[in-house]
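Hello,

I am passing a structure over to you today. Please open it first, and then read my notes alongside it.

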Amino acid sequence: MLRFNDILDRLGSYNPNADTDLLRKAYVFSAKVHLGQVRLSGEPYLTHPLEVTGILTQMQLDAATLATGLLHDTVEDTLATLEEIRENFGNEISQLVDGVTKISRISLRSSEERQAENFRKMILAMVKDIRVVLVKLADRLHNMRTLRYHSPERQEEIAQETLDIYAPLANRLGIDWIKTELEDLAFKHRYPDIYGEIQRKIAKKERERHRYVDEMKRTLMKKLYESKIEGEVTGRLKQIYSIYLKMKDQNIDFDQVYDITAFRIVVHSIKDCYDVLGIIHSLWKPIPGKFKDYIGLPKENLYQSLHTAAIGPYGERIEIQIRTQEMHRIAEEGIAAHWKYKEGKPLDEADDKRFTWLRQLLEWQHDLKDDKEFIESVKVDLFPHEVYIFTPKGEVKEFPTGATPVDFAYSIHSDIGNHCVGAKVNRKIVPLKYEFKSGDTVEILTSPNQKPSKDWLKFVKTPRAKTKIRQWFKSVEREKSIILGKEILDKELRKYDLHQTKLMKSGELAKVAGEFSFQGAEELIAAVGYGKVTANQIIGKLLPPERLEQKEEQEESRLKSLLHKITRAGPKDALLIKGIDNVMVRYAGCCNPVPGDRVVGFITRGRGVTIHTVDCQSVVDEDPNRKVEVEWDSTKGYSYPVRIRIYSDDKKGLLAEISSSFASNEANITNASVETTDDRRAIGTFELQIRDLNHLKKVIKGLEKIKGVHRVERMRIEPQAES
């Protein structure tokens with residue numbers, strides 16, 4: 001168990017002038033309010049804030065952050081109040097404790113709407129003071145180290161949340177050692193069987209691997225000495241979670257993961273880094289596509305290293321990172337490195353640059369109202385795979401892998417994105433779908449006549465581009481919906497001698513809009529155009545019930561009178577229509593109902609009753625006032641047209657088997673066509689006469705039994721043009 005004096009010793013080792021009295025005061029306060037509390041492990045609760053603070057000393061954070069580590073659970077888990085923290089420790093620490101308390105109350109494994117709101121809270125906390133999240137990461141790390149004391153269900157839940165959010169967050173903040181430990185601990189508890197299997201396989205070859213690592217280190221150190229380069233070489237096996245991801249992504253077994261050994265070379269200067277790279281490539285054959293220069297093009301969190309992979313001794317694949325001592329410190333500690341000795345001082349320009357991505361997230365969380373879009377944006381940013389491109393002026397821009405000129409255009413300005421027609425990459429014109437490669441120089445081409453296309457959403461990668469494209473279409477669709485809504489509403493209002501313009505001017509429509517929780521009359525009319533609100537619902541709010549009933553009786557009488565003028569057609573007596581006799585019946589071509597399908601009828605001027613399946617999309621557009629209840633008369637036997645499509649191999653004799661299956665299941669073919677594809681597949685379209693839904697299912701089941709038939713699906717039959 002970590003002792004308080006150990007924390008003071010660690011703090012003194014990197015900041016001898018720190019306010020240790022503040023920490024003693026925080027320790028005494030925490031011990032007092034947590035007195036008598038125990039953890040699931042049976043240990044005194046105080047062990048947790050001590051261990052969390054110990055982790056914060058490993059990040060070498062300031063005294064205020066360490067005091068927050070000691071106090072981080074006091075407001076949530078004891079009777080202590082935030083006001084007490086403020087009175088005893090001042091505004092800075094009370095704000096940090098408050099921030100950690102709020103994040104601790106966030107559940108990130110809840111519904112999409114709740115999850116989005118909780119992400120927003122976390123992002124706001126990060127932008128306000130990143131130390132809040134650093135304390136939360138330390139808290140999560142210690143909780144993961146003691147996760148075994150929870151129930152298996154709770155272990156799974158916490159482990160998955162850690163893999164989804166906290167490990168990627170540590171990675172994004174550049175704190176590699178926390179990210180690595182969180183991943184392995186979470187993987188161990190989330191997938192214990194897979195973890196144990198990989199661990200056992202590693203253990204079998206552990207002695208052999210250690211010998212290999214020692215041999216490689218000796219070889220590299222000898223080459224550094226011969227080249228008069230001072231440096232340190234370390235070697236290690238890849239973390240278990242990293243090996244698992246490689247197995248999963250490449251769909252391979254453990255024995256096929258060849259590059260599980262990684263080496264790091266830390267030298268004194270950038271020149272030495274590139275010299276060492278040359279030595280490695282002269283010793284062993286580099287693997288194409290595996291070299292990454294993060295020194296020339298640092299990651300957004302300012303991580304720097306040279307990464308390469310080569311075929312080492314005995315044909316083993318090896319990964320090597322080369323960096324300076326300062327780069328190594330940044331790589332291990334990330335953003336946490338920039339709170340050393342700050343003690344409340346403002347961020348300098350270099351530090352401020354490290355927060356660009358957080359401010360971008362803050363901007364997006366204001367723009368994105370749709371929860372699904374917001375979560376997608378955050379997760380894209382937490383799991384980055386970057387490419388680096390140049391503007392014509394030589395400025396470096398970072399984008400996710402697969403980003404296109406449209407992403408770049410929207411990163412400059414919404415108008416440039418909306419009017420983007422193409423791009424020049426390395427002075428050559430490329431299509432909008434072109435995927436950037438690191439080192440490309442990009443210039444955007446625009447036209448005032450260009451408008452966004454929905455196809456852009458299929459290939460853009462950045463959250464900003466997706467958001468701006470969707471916003472443009474929502475704006476256009478809203479304008480169309482307002483026009484359509486006005487037409488629909490005006491038509492229905494006139495039936496009751498009401499006028500839309502007068503209702504707008506009098507404020508009556510605005511009042512109705514408020515009853516539907518819309519902000520104004522225009523929003524209400526747009527909702528009518530979208531189909532979210534019907535004109536009759538609005539009229540129901542405008543008129544008294546007795547007037548509505550009178551109008552409905554008049555309309556019903558008019559429809560019945562219209563129906564009696566129409567002669568009956570279609571399969572005779574196949575349907576029973578509630579309350580109406582002797583009318584023409586037609587079957588909708590959009591869904592082609594057959595006996596057994598759940599159906600609904602709509603009175604259609606001049607064409608009797610049109611029958612649809614209840615789940616037909618066309619039903620949405622029908623006037624509910626014209627709806628009639630219908631059902632099949634199972635005592636009548638008629639044939640109905642159905643079209644099916646069969647996907648199969650293109651092989652000799654298969655068509656004969658299909659025809660035989662139709663015959664044996666008593667399905668008459670009235671039309672057929674077959675086409676073949678380049679990959680030796682066949683697509684057959686058949687129009688049949690069948691009795692009912694059960695008959696159709698029997699026909700399809702028989703076809704699916706034929707060897708070489710992959711899929712059978714029911715199709716719609718287009719309605720014939722009216723003469």
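**Strands and helices to look at**

In strand S10, Val430 is the bridge partner of Ala423. Please keep in mind as you read that this is a predicted model. Ala423 belongs to strand S9 (residues 420-425), and S9 pairs with S10 (residues 428-430) in the antiparallel sense over three bridges. The two strands make a hairpin with two residues between them. In that turn, Asn426 has a positive phi of about 55 degrees.

S9 has another partner too: five bridges join S9 to strand S11 (residues 442-446), and this pair runs antiparallel. Here Val425 stands opposite Val442 in S11.

Further along there is an open sheet of four strands, in the order S13-S15-S14-S16, with mixed pairing. Its edge strands are S13 (585-587) and S16 (627-628), each pairing on one side only. S13 runs parallel to S15 (residues 608-613), and three bridges join them. Tyr587 stands opposite Ile611 in S15.

Now for a pair of helices. How do H27 and H28 run relative to each other? The axes of H27 (residues 654-664) and H28 (residues 693-704) cross at roughly 150 degrees and come within 9 Å. Angles over 145 degrees count as roughly antiparallel, so that is how H27 and H28 are described. The crossing is right-handed. H27 contributes Ile658, Ser661 and Phe662 to the contact, while H28 contributes Val699, Gly702 and Leu703. By class, this contact has four nonpolar residues, two polar ones and no charged ones.

Enjoy exploring it!

Best wishes

How values were computed. Residues are numbered from 1 along each chain as its sequence is written. This is a predicted model: local features need pLDDT of at least 70, side-chain atom pairs count only at pLDDT 80 or more; totals for chains, interfaces and linings use all residues. Side-chain values use heavy atoms; hydrogens and water are left out. Two strands pair if DSSP finds at least two bridges between them. Axes are lines fitted to C-alpha atoms, for helices over the stretch in contact, and angles run from 0 to 180 degrees between N-to-C directions. Angles under 35 degrees count as roughly parallel, over 145 as roughly antiparallel, 65 to 115 as roughly perpendicular and the rest as oblique. A crossing is left-handed if the near helix is turned anticlockwise from the far one by less than a right angle, and right-handed if clockwise. Contact means heavy atoms within 4.5 Å. Ala, Val, Leu, Ile, Met, Phe, Trp, Tyr, Cys and Pro count as nonpolar, Asp, Glu, Lys and Arg as charged, and the others, Gly among them, as polar.
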